[in-house]
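Got the viewer open? Here is a tour of what to select, stop by stop, and what is there when you do.

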Amino acid sequence: MMNFSRMWAIFVSRNREFFRDKAAFGWNLLFPFLIIAGFAIIFGGDERKEFKVGVFPCPSTQGTEIDRCVPPQIELIKQVQYIGFPTQAEGINKLKHHKVDLLIERGKAPLHYWVNDTAPKGYVVEKMIQGALNQRTDDVMVRQEVVSTRPIRYIDWLFPGIIGMNIMFSALYGVGFVVVRYRKNGVLKRLKATPLTAFEYLSAQMLSRLFVIAFSLTILWIGCDLIFDFHVEGSYIDLAIVFMVGNLSLTSLGLIIASRGTSEEFANGLLNFISWPMMFLSEVWFSLEGAPRWVTMVSEMLPLTHLLSGVRKIMNDGAALVDVQVELAVLCGFTLVFLSVGASLFSWNK
Amino acid sequence: MVKTPIIEAIGVSKQYGLVTAVDNLDLSVPKGICFGLLGPNGAGKTTLIEMIEDIISPTTGEFRYQGKPLSASFREKIGIMFQQTSLLGFMTVYETLSTFQALYHQSYDIEQLIQLCHLDDIRKQFNDKISGGQRQRLLLALALINQPELLFLDEPSTGLDPQARRNMWDIVHRIKREGKTIILTTHYMEEAQHLCDIVAIMDKGKIIAMGHPEELIRRYTSGTKIVLPTEALGEGKGDLSLEKSSVEGHMTIPVEDMNAAIETLLAKGIDLTRMSVQNPTLETVFLNLTGRQLRD
């Protein structure tokens, strides 16, 4: 018979451990914040220079000197960072190695330019410069700005990914690694000698992890929102529900790792084996749009993919719960499977 | 009327692959005593005790608690002090006690337990900031938290200094006076002789002797020995009517009747100033039974 006071006792003790381990707790909050801040600095802001265009002959590579080298016809184009090269050979070499997206020779019109056929950005910047030189194209671009809705910055797209990644690491390591350590040092054996059941113990571990992740997520969210001003198109409640369900499925996955074994090294290896592919294949950092079919199939089998898909739909596209029902159903399914496997494999003993 | 033993083992064996840790063992522990389990490392003590505690399952055989097979409520009735256990991290001594208290239906009053186990000074200290002796007393308090009928103490004073060991023994004596049954494993013969009412000596998965420590010593050893420096016997004084053997400058004389032996020695004019008396211990019992030292 399940006893809530026993579960509560374990829940509280695990929470104490988490909040009192100041180094781990601090790092749990700081790490995702640092990543987001780092990306915001690298890619953020309105002054972002998406494309790099080389100009020759120009004595200075960058800085204010370069402004004098840029042909007046194209100097007002935004999103282009100009880099000067003293000779054509040097410019061509950089172009060949994708250091610049396009190379222009200073001089009288018509301007001569070189593009690397294998560089996708080269094509875009070529069209952009052609557009800038054509008044009619300029009109079209202006119209597009007028009809477009709130732009989704890269940081808006990345933020849920970083949060999801943080949940994944915290859920997997906070349950998987910690329980293996408890088994190794005899804490589990001591608890087995009490009336506490495996179900009560594992439920308390899971609930504690859900709680601490929800807590750190809230702090992180508020902190990042104050600095980067995130906009959530959908409902915060829907967002919290998707985070919670995703959190549950990842914590259940942690329980499978926690179910057996006493080797922290092996548990660490197993956690890396699960978490690293999940990080790269769940669209944390980049979209898998256009990736080979097998890659997207593997991605579909990972709970983090569905968590991020649901969160981004709500945050960026204003989706409601009904619009993310597939993601929620898949995450609930994962949770049930992981819980059943974890509970059936669980052993207190070494 | 014969009292039902508090715990019984009936034909219990435990196999680990080809190794037999416990070999078809029968055991019966009466209620209210301190029962000691002695044996060298690898004798099967910990395996046996962990099977009785229901931590591991026997390969064959069964255990009975108060005449009935072990049930889920067994864990409410027992308290265990393991030999090697880490405690929950980042918790104070008091919080650890209250966490474990919440795991049981019936429990000791924490304040009383703190007094009994001398934990008052360290109640607010974190578990990892206390000394070895304090840690053993905390582990004992955790084992007592549910007011168990049956208490298991696995090497309770290992690693403690003599003062801390005496301290631990005093607490165990007080628990005994409350009528609890204690099952204790130890490497220390002195501890077993001091605390235990019945001692079982294990070797190679079997119990090879069992009884009160004094009774075992009487049954399996040849009694007390007097040890004298060889020169104390002097010239012409060595013609004793006592059996003796000489080892490294010392003469050892086994004696049945100490008074008669001393009278004989004094009558021969032997100086007894440097005499020492060797009493047989449970170590001697094990040595005589197996030909090996307990700590081999």
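Before the first selection, a word on axes: they are lines fitted to C-alpha atoms, for helices over the stretch in contact, and angles run from 0 to 180 degrees between N-to-C directions. Helices (H or I, at least four residues) and strands (E, at least two) are DSSP runs, numbered from the N terminus. This is a predicted model, where local features need pLDDT of at least 70, side-chain atom pairs count only at pLDDT 80 or more, and totals for chains, interfaces and linings use all residues. Residues are numbered from 1 along each chain as its sequence is written, while chains are lettered from A and ligands numbered from 1 in the order in which they are written.

**Stop 1: helices 13 and 14 of chain A**

Select residues 303-317 and 325-345 of chain A, which are helix 13 and helix 14. Their axes are 9 Å apart and the packing angle is about 150 degrees. That makes helix 13 of chain A roughly antiparallel to helix 14 of chain A, given that angles under 35 degrees count as roughly parallel, over 145 as roughly antiparallel, 65 to 115 as roughly perpendicular and the rest as oblique. The crossing of helix 13 with helix 14 of chain A is left-handed; a crossing gets that name if the near helix is turned anticlockwise from the far one by less than a right angle, and is right-handed if clockwise.

Now show the contact residues (two residues are in contact if their C-beta atoms, placed from the backbone, lie within 7 Å). Helix 13 of chain A brings Pro303(A), His306(A), Leu307(A), Ser309(A) and Gly310(A), and helix 14 of chain A answers with Glu327(A), Leu328(A), Val330(A), Leu331(A) and Phe334(A). Colour them by class and you get six nonpolar, three polar and one charged. Here Ala, Val, Leu, Ile, Met, Phe, Trp, Tyr, Cys and Pro count as nonpolar, Asp, Glu, Lys and Arg as charged, and the others, Gly among them, as polar.

**Stop 2: helices 1 and 9 of chain A**

Go to helix 9 of chain A, residues 198-228. At 1.5 Å a residue, its 31 residues should span 45 Å, and the end C-alpha atoms are 43 Å apart, which agrees; the expected span is 1.5 Å times one less than the number of residues. Just past this helix, click on Asp229(A), which has a positive phi of about 55 degrees.

Add helix 1 of chain A, residues 4-20, whose axis comes within 8 Å of that of helix 9 of chain A and crosses it at roughly 40 degrees. The two are therefore oblique to each other, and their crossing is right-handed. On the helix 1 side of chain A, look for residues including Ile10(A), Phe11(A), Arg14(A) and Phe18(A); on the helix 9 side, Tyr201(A), Leu207(A) and Phe211(A) are among them. This contact of helix 1 with helix 9 of chain A has nine nonpolar, four polar and three charged residues.

**Stop 3: Thr262(A)**

Select Thr262(A), in the loop between helix 10 (236-258) and helix 11 (264-281) of chain A. What does Thr262(A) touch beyond its neighbours within four places in sequence? Val180(A), Arg183(A), Lys184(A) and Lys350(A) are the contacts of Thr262(A). Measure to Lys350(A), 88 residues apart along the chain, and the C-alpha separation from Thr262(A) is 6.1 Å. With 17 C-beta neighbours inside 10 Å, Thr262(A) counts as partly exposed; a residue is buried if 20 or more other C-beta atoms lie within 10 Å of its own, exposed if 12 or fewer, and partly exposed in between, with C-beta atoms placed from the backbone.

Zoom out: chain A has 14 helices and four strands, and 37% of its 350 residues count as buried.

**Stop 4: over to chain B**

Chain B has 11 helices and 14 strands, and its C-alpha atoms fill a box of roughly 75 × 45 × 40 Å along the principal axes. Of its 296 residues, 36% count as buried.

Where do the chains meet? In all, 19 residues of chain B are in contact with 19 residues of chain A. Helix 2 (74-77) and helix 3 (93-101) of chain B each supply at least two residues of the side of chain B that touches chain A. That side of chain B has 11 nonpolar, five polar and three charged residues.

Keep helix 3 of chain B selected and add helix 5 of chain B, residues 132-144: the axes come within 9 Å and cross at roughly 20 degrees. That makes helix 3 of chain B roughly parallel to helix 5 of chain B. Val93(B), Thr96(B), Leu97(B) and Phe100(B) of helix 3 of chain B meet Leu138(B), Ala141(B) and Leu142(B) of helix 5 of chain B.
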